[in-house]
Amino acid sequence: MPSDELAILIVDEDRVRATIIEDGLREAGHQRVTVINSTQEVARRITEIAPDVVVIDLENPDRDRLEHFFTLSKALHRPVAMFVDRSDAAAIGAAIEAGVSAYVVDGLRKDRVKSILDMAVLRFNAYSRLQRELDEARTALEDRRVIDKAKAILIKQRGLSEADAYSLLRKTAMNQNRRIVDIAQSLVTAAGLLEP
Amino acid sequence: MSDLRITAGFLPLLDSLLLVVAREKGLAATQGIDLALVRETSWANIRDRVAVGHFDVAHMLGPMPIAANLGLSPIAVPIVAPMTLGLGGNAITVSVALWQRMLDAGAPGNIDPGPAGAALRMVVAGGGPRLRFAVTHPHSGHNYELRYWLASSGIVPDRDVDIVILPPPLMADALAAGTVEGYCVGEPWNSAGVASGAGRIVTVKARIWAESPDKVLGVGERWATQNPEALAALLRALYAASVWCGDPANHAEAAAILGGPAYLDRPSELLLRGLSGRLELIRGESVRIPDFYVPSAQSATFPWITHALWYYTQMVRWGDVPHSDENARRAADSYRPDLYRSAIAPFGAALPTGDRKLLSAGTFFDGVPFDPDSFDTYIESQRV
């Protein structure tokens, strides 16, 4: 393609994360962005895509294969380096911390690639944060469910009101120096054991 | 002594054993080290995370520090190997279908690499679809051993057969699916291929190249220089672990520890095969290979300069790097027996008198010796 625009390839099995990065790059004005989710597809399409920059997530168990592939591939006709400036240890560290590895054809100007990498790192980190928050929300929801179950057991077996059931759980937790959800879980498990 | 925290990366393979045992049997703690182990998914991650300092040390492929110091790695950070993590531990496995063709071509059915190679050569010469073999990384003992076996058997790698890169956990499946016809990899992935019914172990590293290293402890040169005491303490812990693992009475316990969910997460029976040298070659056919994996005997953890130089000759042979005195020196300097000697000295164990040794005619299966003092001639004789 007669264009001085960089061709960027994102290899990520996590489709959501790949999309988040792709969006970021497009918003920053990059038009030639390709997302591939499987190693097999990389092998098939590398020549057609002829990427200048390849971004791979570090969790990809196929990284050794992909790396070897880029080193050999005629599509990347110039030698590849990881990152543009090998001496920029802080930037490399930040990328690896975020879970990003990037391969860049040799000879590209540092400033042209740096913004792409910075964007990838930023989006990877944002995605991890999102993932963490989601996990926390999921755990909170699960805790809520267990506590509700325990309250229902107390209401049924002891004839307590909902408010009293909750304060009993809370008081027990405080006395035993445990979390309410742990007390609730013990109660639910014990009730399960007693069931016919 | 206050605890020195050391973070080590490893890949789930049999020879990550010394690191795991050093931690789990309290041998690291005895040396005042709090050893944190982090399981990784690729050698590239191991290499990069050592380079940027996430890992102080790591379980590393023997040629990997050499490759880093020769500028073959994407991140150019000097890495040294002050210790070898045992000898042997690899094998070459082929699909049951290819094994049948090798049998038809006269393979005797043992693990002798010579006749097996001759049979494979007959198969290759007989035509048919080009065979494809997998290894885990270009700069690995697996790649260079496989190539050595093929070349000495009259099969030219890249011309007569293809060699591709594949992560170890995918190898048995690739064999079953027919994506590759064979692979060279560390345990337990050969036994996994056999257990799945897809493969047959044709030969082992210990028969191709006797008493040869596979993984090393890779350490960022800067970390090694800045933390000499921590490194020495770690080497002592690993040495103690190697002695413990070398005692057959401990094999069952070692396999159980290594099979745990934080490490290999595999049945200990599968790990015990490589560890005890009682391997199943193909389902139902067991053999005893006492030197299959040697963690301690024969100075198994000593980082011979000779071994670094042999790997270097193979890197030259297969076009990874051009030969020059400067490159040879960098390769030799990648292995650091000096650090090993000074750390292990307090144990009073008998150590090799020199850092180089002649690999005599009986070392390699094809009977060609390797003299580390005349590697120029060796490289010339292997020119492709």
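# Exercises on a predicted two-chain model

In chain B of this predicted model, residues 24 or more positions apart account for 76% of the contacts with a separation of 6 or more. The exercises below start from chain B, and then turn to chain A and to the contact of the two chains.

**Exercise 1.** Describe the overall build of chain B, and decide how its radius of gyration stands against the globule rule.

*Solution.* Begin with the secondary structure, which in chain B comes to 18 helices and 14 strands. Next take the radius of gyration, which is 20 Å and thus close to the 21 Å that the globule rule gives for 384 residues, so chain B is as compact as a globular protein of that length. The extent along the principal axes completes the description, since the C-alpha atoms of chain B fill a box of roughly 65 × 45 × 35 Å. Finally, turn to burial: 56% of the 384 residues of chain B count as buried.

**Exercise 2.** Explain why strand β6 of chain B is described as largely enclosed by the rest of the structure, and find the strands to which bridges join it.

*Solution.* The first step is to look at burial along β6(B), which spans residues 90-95: six of its six residues are buried, so the strand is largely enclosed by the rest of the structure. The second step is to follow the bridges, five of which join β6(B) to strand β9 (residues 182-186) of chain B in an antiparallel arrangement, with B:V94 having B:G182 as its bridge partner. The third step leads to strand β10 (residues 199-204) of chain B, which is likewise antiparallel to β6(B) and joined to it by five bridges; here B:A91 stands opposite B:V204.

**Exercise 3.** Determine which residues of helix α16 of chain B are buried, and where they lie around the helix axis.

*Solution.* In α16(B), residues 325-334, the buried positions include B:A328, B:A331 and B:S334. These three cover an arc of only 120° around the axis, which puts them on the same side of α16(B). The face turned away from that buried side carries the exposed residues B:D325, B:E326 and B:R329. As a last step, ask what covers the buried residues of α16(B): among the covering elements of chain B are α4 (64-69), β4 (79-84), α15 (305-317) and α18 (375-381).

**Exercise 4.** Set out the architecture of chain A, and place A:S115 within it.

*Solution.* Chain A has seven helices and five strands, and from the N terminus on its elements run β-α-β-α-β-α-β-α-β-α-α-α. The chain is divided into domain 1 (8-132) and domain 2 (134-194), whose centres, taken over C-alpha atoms, are separated by 47 Å. Of the 196 residues of chain A, 30% count as buried, while residues 24 or more positions apart account for 65% of its contacts with a separation of 6 or more. A:S115 lies in helix α5 (residues 110-158) of chain A. With 13 other C-beta atoms within 10 Å, A:S115 is partly exposed, and although A:S115 and A:L25 are 90 residues apart in sequence, their C-alpha atoms are 9.4 Å apart in space.

**Exercise 5.** Work out how many residues each chain gives to the contact of chains A and B, and what kinds of residue chain B contributes.

*Solution.* Counting by chain, the contact takes 19 residues from chain B and 17 residues from chain A. On the side of chain B that touches chain A, helix α3 (residues 43-51) of chain B gives the most, with five residues. Sorted by kind, the residues on that side of chain B divide into eleven nonpolar, six polar and two charged.

Terms used. Residues are numbered from 1 along each chain as its sequence is written. Chains are lettered from A and ligands numbered from 1 in the order in which they are written. This is a predicted model: local features need pLDDT of at least 70, side-chain atom pairs count only at pLDDT 80 or more; totals for chains, interfaces and linings use all residues. Domain bounds come from an automatic or database domain assignment. A residue is buried if 20 or more other C-beta atoms lie within 10 Å of its own, exposed if 12 or fewer, and partly exposed in between; C-beta atoms are placed from the backbone. Helices (H or I, at least four residues) and strands (E, at least two) are DSSP runs, numbered from the N terminus. Two strands pair if DSSP finds at least two bridges between them. The arc is that of the directions from the helix axis to the C-beta atoms. Two residues are in contact if their C-beta atoms, placed from the backbone, lie within 7 Å. Ala, Val, Leu, Ile, Met, Phe, Trp, Tyr, Cys and Pro count as nonpolar, Asp, Glu, Lys and Arg as charged, and the others, Gly among them, as polar. The radius of gyration is taken over C-alpha atoms; the globule rule is 2.2 Å times the number of residues to the power 0.38.
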